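Grab a pencil and open the viewer. Below are some exercises to work through, each with a solution that goes step by step.

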Amino acid sequence: MTRPFGLLAELTYRCPLHCAYCSNPLNLADYRDELTTAEWRRVLAEARELGVLQLHLSGGEPLQRRDIVEIVRCATELGLYTNLITSALGLSRRRAEQLRAAGLDHVQISIQADLPAASDRIAGTPSFQRKLEVARLVKELGWPLTLNVVLHRHNIDSVAGILRLAEELRAERLELANTQYYGWAWRNRDALLPSRSQLDRAEAVARAARERLKGRMEIIYVRPDYYGQYPKPCMGGWGQRQLTVAPNGDVLPCPAAQALPLPHASVRTDTLAWIWTQSPLFQRFRGTHWMVDPCQSCARREIDFGGCRCQAFQLTGDAARTDPVCHLSPDHGIVAEAVQAANRETRPRTYPAEGGTTRSGGQDQIPDCDSGNPDRATPPVVDLSPRGQTR
């Protein structure tokens, strides 16, 4: 694609939840100088001129922005399709009605589990009942509803219950997306990565439900990258389909790219059009010219584009290497070792938690982090099937 289809607007990284799989950047202090309302209005206008059709309002928790209604109204006036990606905390009836009047098109709510105790434990704060109330409010006000569940070792065995809950709430779409290991999820990977038997059971349940609910609910199930033979195409290819604007104005080809040692691009210094078409950041891994073997000589190079650049950097220290998820990668042993550890009968009782410190606890105790983000899972711009986009 020569123009981006979607814009993920991360309005703030503030969030009332404390999820162990949070993909917020670890250096949150760098993002406290958030774009103003006027700056967001300019960004949205530039996005529309560039060709963007869909706007996904995320974070953190986008409802922490007091100007959320004004931002939605601006997007509506520009003709953008708007999707609110939220934990549901902060969406009162009054604010929901204001957002409806402003033209908001779609609501996506994160769910951590199907039972109150488990959900509240994973979220790090009592929130389950409020989520259900808001989901029902969303349907009452006539919005289409997507439920997003980030799966991991501590909730993947509850997929059947989650499906029943989605049916009860009359969701049009359910995303069952396994954790992507960036940010706090990377720190807590050993406690979160499910076993192969857990995956097999969950996939069978999701497959059966997809057949049973065909035409009533779209069910997306995304395997964890670590269990794939080939990597997924990161964002449909670097700088190909959509872009992300962080709270401080940084522009990224994908939400996790903050960690890469590449030149920064910001809407505070350049236009979105220049950043998309000419910036060194977006040019670096666009296309296939940058690839080395085995990617460069691989018949799949324009299918998966070498996999995820952030994952390659996370696991090898070199963003240009083949994603170690690929079984052809010379670094695949790194992933194989992590999968082997996840399938041992006993697992470490001590694991990374807040800011890299350690906590000791029971084998099934879930760690936490000091800032949560349940809502960074991909909005419904592209296919989230096992061969699709997950970031």
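**Exercise 1: two helices side by side**

Helix α1 (residues 37-50) packs against helix α2 (residues 68-77) at an angle of about 25°, and their axes are 10 Å apart. Work out how α1 and α2 are oriented to each other and which residues meet.

*Before you start.* This is a predicted model, where local features need pLDDT of at least 70, side-chain atom pairs count only at pLDDT 80 or more, and totals for chains, interfaces and linings use all residues. Residues are numbered from 1 along each chain as its sequence is written, and side-chain values use heavy atoms, with hydrogens and water left out.

*Step 1.* Get the names straight: helices (H or I, at least four residues) and strands (E, at least two) are DSSP runs, numbered from the N terminus. Axes are lines fitted to C-alpha atoms, for helices over the stretch in contact, and angles run from 0 to 180 degrees between N-to-C directions.

*Step 2.* Put the angle in its class. Angles under 35 degrees count as roughly parallel, over 145 as roughly antiparallel, 65 to 115 as roughly perpendicular and the rest as oblique. So α1 and α2 are roughly parallel to each other.

*Step 3.* List the contacts (heavy atoms within 4.5 Å). From α1 come Thr37, Trp40, Arg41 and Leu44, and they meet Glu70, Ile71, Cys74, Ala75 and Glu77 of α2.

*Step 4.* Sort them by class. Ala, Val, Leu, Ile, Met, Phe, Trp, Tyr, Cys and Pro count as nonpolar, Asp, Glu, Lys and Arg as charged, and the others, Gly among them, as polar. The contact of α1 with α2 then has five nonpolar, one polar and three charged residues.

**Exercise 2: the next helix along**

Now do it again for α2 and helix α3 (residues 93-102).

*Step 1.* Here the packing angle is about 15°, with the axes 8 Å apart. That makes α2 roughly parallel to α3.

*Step 2.* On the α2 side, the contact uses Ile68, Val69, Val72, Arg73 and Thr76; on the α3 side, Arg95, Gln98, Leu99 and Ala102.

*Step 3.* Sorting the residues of the contact of α2 with α3 gives five nonpolar, two polar and two charged.

**Exercise 3: the sheet**

Find the order of the strands in the open sheet and name its edges.

*Step 1.* Two strands pair if DSSP finds at least two bridges between them. The nine strands run in the order β7-β6-β5-β4-β3-β2-β1-β8-β9, with mixed pairing.

*Step 2.* The edge strands, β7 (218-222) and β9 (251-252), each pair on one side only.

*Step 3.* Zoom in on one pair: β3 (residues 81-86) and β4 (residues 106-110) run parallel and are joined by four bridges. Thr86 has Ile109 in β4 as its bridge partner.

*Step 4.* Add a helix: α6 (residues 159-168) lies across β5 (145-151), β6 (173-178) and β7, at about 155° to β6.

**Exercise 4: odd spots in the loops**

Locate two cis peptide bonds and a residue other than glycine with positive phi.

*Step 1.* The bond from Gly59 to Gly60 is cis, with omega near 10°. Gly60 sits in the loop between β2 (54-58) and α2.

*Step 2.* Asp293 and Pro294 are also joined by a cis bond, with omega about 10°. Look for Pro294 in the loop between α11 and α12.

*Step 3.* Arg170 has a positive phi, near 60°. This residue, Arg170, is in the loop between α6 and β6.
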